[in-house]
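Reader: Hello! I am new to this structure and would love a close look at a single part of it. Could you walk me through one spot slowly, with the terms explained as we go?

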Protein chains: 2
Amino acid sequence: VRGGSQQSCEYERSCYFGIVGKGEQTRTAVLEAATDKARVVGLRGLTIGVLAERTELSKSGLFAHFRSKESLQLAVLEHARNRFIDEVVRPALQAPRGEPRLREVFARWVSWADVPGGCLFVAAAVEFDDDRGPVHRQLVQYQRDWLDSIAQIVRGAITEGQFSPGVDPDQFAFELHGVMLSYHHLSRLVGDAHARDRATRAFENLLTRARIGTA
Amino acid sequence: VRGGSQQSCEYERSCYFGIVGKGEQTRTAVLEAATDKARVVGLRGLTIGVLAERTELSKSGLFAHFRSKESLQLAVLEHARNRFIDEVVRPALQAPRGEPRLREVFARWVSWADVPGGCLFVAAAVEFDDDRGPVHRQLVQYQRDWLDSIAQIVRGAITEGQFSPGVDPDQFAFELHGVMLSYHHLSRLVGDAHARDRATRAFENLLTRARIGTA
């Protein structure tokens, strides 16, 4: 680690590497940097070389941690998933069951996607959809878990009597995911200033339908 | 062009190159092959080298046609847009105005996405959303045109009295696009057998809402 002393710190992140030193903490800090980078260049664009430049760690040090590009990709994916749970899922679970929880999920997912490079999972889905390797399998599992989590919250809204008993939770999850993807697309690719309003209205439309039971 | 005579044809496509010869027709045939390839490897993965292998044309011949990777990307994007108009937009315009036309658009879009590699535009959107070059600008323009086309058909459905006058055509387009993206994601990444049913139901839900005017 270069520039490790407090005095010579130029960038906050390299400082951090200096302070935490070796081992598990370094690994976490590297994964943090790798996840930010992968959001912009894609998981496939994330090479050990690119990461060495970003973290100021040596290539050989990084190889010692990750061994191969694929295990780096898998580690980044898992790290991003943990961040997603910390930033979106866990705080949403603090909200009351049903609709309030769903609103929290939606608001937090929008914030999650509103970062440089956008949502890592959306990009990785396109990068790996023709693949059949371990990264693809991991992504599919995370995707299923995420849709199941949404469906589970919808079930809570039905139990609470907020949504009609006729609502299909998996169908709701599919449609909400569509709203999120459409938002991601319009906001990130097109840069449309109304993207957030459109997404919010689409979300409210979904809720209205679920309440009156036409979903 | 190698293998150009009828007798020595091993692959249909290389035959085709042999028969049509040089000039504009070769360019079209190359773009056809390039578009198929780009669907799988992405626009960024489409190099002159990859294309030479696929078409059995020489690299120097391909350079003569396309000059740079960027102009190849732009040409492929334009070619894919023309194909999209031929396969989705133009046939849909043959259907009666309003809802029947919208149904035709939806069915044809699903078929368009159900090919090896999926929809080129969905993949390119993720590949180029952090870019600000000519390929990005082209993509944004195509994306806007597509959403505008959907909104225009929705306006027709309002004029025909099929949809409530309170329906916001741009909001409808945003939500329909979400259904398509969610379908693409679930079908291609997750390989979910119910993806098509889910998408069809989501589409019908949108139509129902537009008829009763809660969109």
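Author: Happy to help; what follows is a walk around the ring of B:Trp112 and the helix H2(B), with a short look at the interface at the end.

A word on the ground rules: this is a predicted model, in which local features need pLDDT of at least 70 and side-chain atom pairs count only at pLDDT 80 or more, while totals for chains, interfaces and linings use all residues. Residues are numbered from 1 along each chain as its sequence is written, chains are lettered from A and ligands numbered from 1 in the order in which they are written, and side-chain values use heavy atoms, with hydrogens and water left out.

Let us begin with the aromatic rings. Searching the whole structure gives 14 aromatic pairs over all chains (rings of Phe, Tyr and Trp, the last by its six-membered ring, with centres within 6.5 Å; stacked if the planes are under 30 degrees apart, edge-to-face if over 60, tilted for the rest). B:Phe84 and B:Trp112 make an edge-to-face pair, because their planes stand at 80° with the ring centres 5.0 Å apart. B:Phe84 belongs to helix H5 (residues 69–94) of chain B and B:Trp112 to helix H6 (residues 99–113) of chain B, so this pair ties together parts 28 residues apart in sequence (helices are DSSP runs of H or I, at least four residues, numbered from the N terminus).

B:Trp112 also pairs with B:Phe121, this time stacked, at 6.1 Å centre to centre and 15° between the planes. Both B:Trp112 and B:Phe121 are buried (under 20% relative accessible area, with a 1.4 Å probe and protein chains only). For B:Trp112 the value is 2%, and B:Phe84 is buried too, at 8%.

The face of B:Trp112 has a visitor: B:Arg39 lies over it, 4.5 Å from the ring centre (for Arg, CZ within 6 Å of the centre and within 35 degrees of the ring normal). B:Arg39 is among the buried residues of H2(B), which also include B:Ala38 and B:Asp36. Helix H2 (residues 24–41) of chain B has 18 residues and should span 26 Å at 1.5 Å a residue, which agrees with the 25 Å between its end C-alpha atoms (the expected span is 1.5 Å times one less than the number of residues). After H2(B) comes B:Gly42, with a positive phi near 85°.

Finally, the interface: 41 residues of chain A are in contact with 41 residues of chain B (heavy atoms within 4.5 Å).

How values were computed: Helices (H or I, at least four residues) and strands (E, at least two) are DSSP runs, numbered from the N terminus. Buried means under 20% relative accessible area, exposed over 50%, partly exposed in between (1.4 Å probe, protein chains only).
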